[in-house]
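Colleague: I'd like to go through this model with you and ask where the labels come from. Could you start with a definition once we have it on screen?

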Amino acid sequence: MLARIALRLAYRVEVRGLENLALAGERVVVVPNHVSYLDGPLIAAFLPGYPMFAIDTAQAARWWARPLLAGADIYPMDPTRPMATKSLVKALRMGRQCVIFPEGRLNVTGGALMKIYDGPALIADKGDAAVLPVRIDGVEFTPFSRLGGRLRRRWFPKVTITLYEPRRLAIPTSCAAGRAASGLG
């Protein structure tokens with residue numbers, strides 16, 4: 001609550017499409033773009049409920065990340081361990097919302113997407129969850145982004161969080177058979 005007030009005052013945060021979160025249902029994988037260290041705190045402060053954030057164990061262990069993660073439900077994941085994915089799927093099946101940054105790390109290209117990893121899609125499919133795309137605009141201009149020389153930085157630009165229509169994934173049966181053979185099915 002305090003974080004929401006502070007962020008709204010500093011960045012004049014506007015949230016659009018909040019009705020799409022309700023359309024997504026109880027089980028949802030939220031997939032926001034990731035251009036700033038403020039992205040997680042913004043999502044935690046302005047999305048209703050108490051979503052679980054999947055975060056790389058190495059990132060979660062950094063000294064400067066701990067204060068930013070203090071008020072959120074963090075799920076440290078080692079991307080090389082399939083059991084971590086299974087536990088996340090189990091939490092989704094129990095009705096949890098999950099936030100996963102599909103690029104895996106901060107975007108350093110500006111507006112262009114970097115590689116999108118297939119982990120969020122696998123987790124949404126196995127957890128029988130909708131995928132909710134979210135776009136955060138404005139934070140790329142803050143000193144908290146990694147776009148230093150590409151954009152003119154400002155301390156307090158206006159930030160807009162847009163939630164798009166939720167999607168259900170339609171995984172072809174040939175892919176489903178491959179997942180079952182790999183032990184994730």
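Modeller: Sure: a residue is buried when its relative accessible area is under 20%, exposed when that is over 50%, and partly exposed in between, with a 1.4 Å probe and protein chains only as cover. Helices (H or I, at least four residues) and strands (E, at least two) are DSSP runs, numbered from the N terminus.

Colleague: And what kind of model is this?

Modeller: It's a predicted one, in which local features need pLDDT of at least 70 and side-chain atom pairs count only at pLDDT 80 or more, while totals for chains, interfaces and linings use all residues. Residues are numbered from 1 along each chain as its sequence is written, and side-chain values use heavy atoms, leaving out hydrogens and water.

Colleague: How many helices and strands does the protein chain have?

Modeller: There are 8 helices and 7 strands. The chain has 185 residues, and 42% of them are buried.

Colleague: What makes β2 a covered strand?

Modeller: Just count: 5 of its 5 residues are buried. Val28, Val30 and Pro32 sit on one side and Val29 and Val31 on the other, and these are all buried, which leaves both faces covered.

Colleague: Which strands does β2 pair with?

Modeller: Pairing takes at least two bridges found by DSSP between two strands. With β5 (residues 97-99), β2 has 3 bridges and runs parallel; one of the partnerships there is Val28 with Gln97. With β6 (residues 130-137) there are 5 bridges, also in the parallel sense, and Val29 has Val131 as its partner. At least two bridges are needed, so both strands count as partners of β2.

Colleague: Why is β3 called largely enclosed?

Modeller: In β3 (residues 52-56), 4 of the 5 residues are buried, so the rest of the structure largely encloses that strand. β3 runs parallel to β4 (residues 73-77), with 5 bridges, and Ile55 has Pro76 as its partner in β4. It also runs parallel to β5, where 2 bridges join the two strands; Met52 is matched with Cys98 there. At least two bridges are required, so those 2 are enough for β3 and β5 to count as a pair.

Colleague: What makes two rings an aromatic pair?

Modeller: A pair of rings is described by the distance of the centres and the angle of the planes. Rings of Phe, Tyr and Trp (its six-membered ring) pair if their centres lie within 6.5 Å; planes under 30 degrees apart are stacked, over 60 edge-to-face, and the rest tilted. By this rule there are 2 aromatic pairs. Tyr11 and Phe156 form a tilted one, at 5.7 Å centre to centre with 50° between the planes. Tyr11 is in helix α1 (residues 2-11) and Phe156 in the loop between β6 and β7 (160-163), so this pair ties together parts 145 residues apart in sequence. Trp155 and Phe156 have ring centres 6.5 Å apart and planes at 40°, so that pair is tilted too. Ring pairs thus link Tyr11, Trp155 and Phe156 into a cluster.

Colleague: How do you know which of those three are buried or exposed?

Modeller: Set each value against the cut-offs. Tyr11 is at 5% relative accessibility, so it counts as buried. Phe156 has 49%, so it is partly exposed, while Trp155 has 54% and therefore counts as exposed.

Colleague: What makes the nonpolar patch, and which residues are in it?

Modeller: Patch residues have over 30% relative accessible area and no salt bridge; like charges are joined within 9 Å, and nonpolar side chains (Val, Leu, Ile, Met, Phe, Trp, Tyr) within 5 Å. A salt bridge is a side-chain nitrogen of Lys or Arg within 4 Å of a carboxyl oxygen of Asp or Glu. Areas come from the Shrake-Rupley method with a 1.4 Å probe; for residues, only the protein chains shown count as cover. Here Tyr37, Phe144, Trp155 and Phe156 make a patch of about 430 Å². Tyr37 is in the loop between β2 (28-32) and α3 (39-46); its 33% relative accessibility makes it partly exposed, and the value is over 30%, so it meets the area cut-off for patches.
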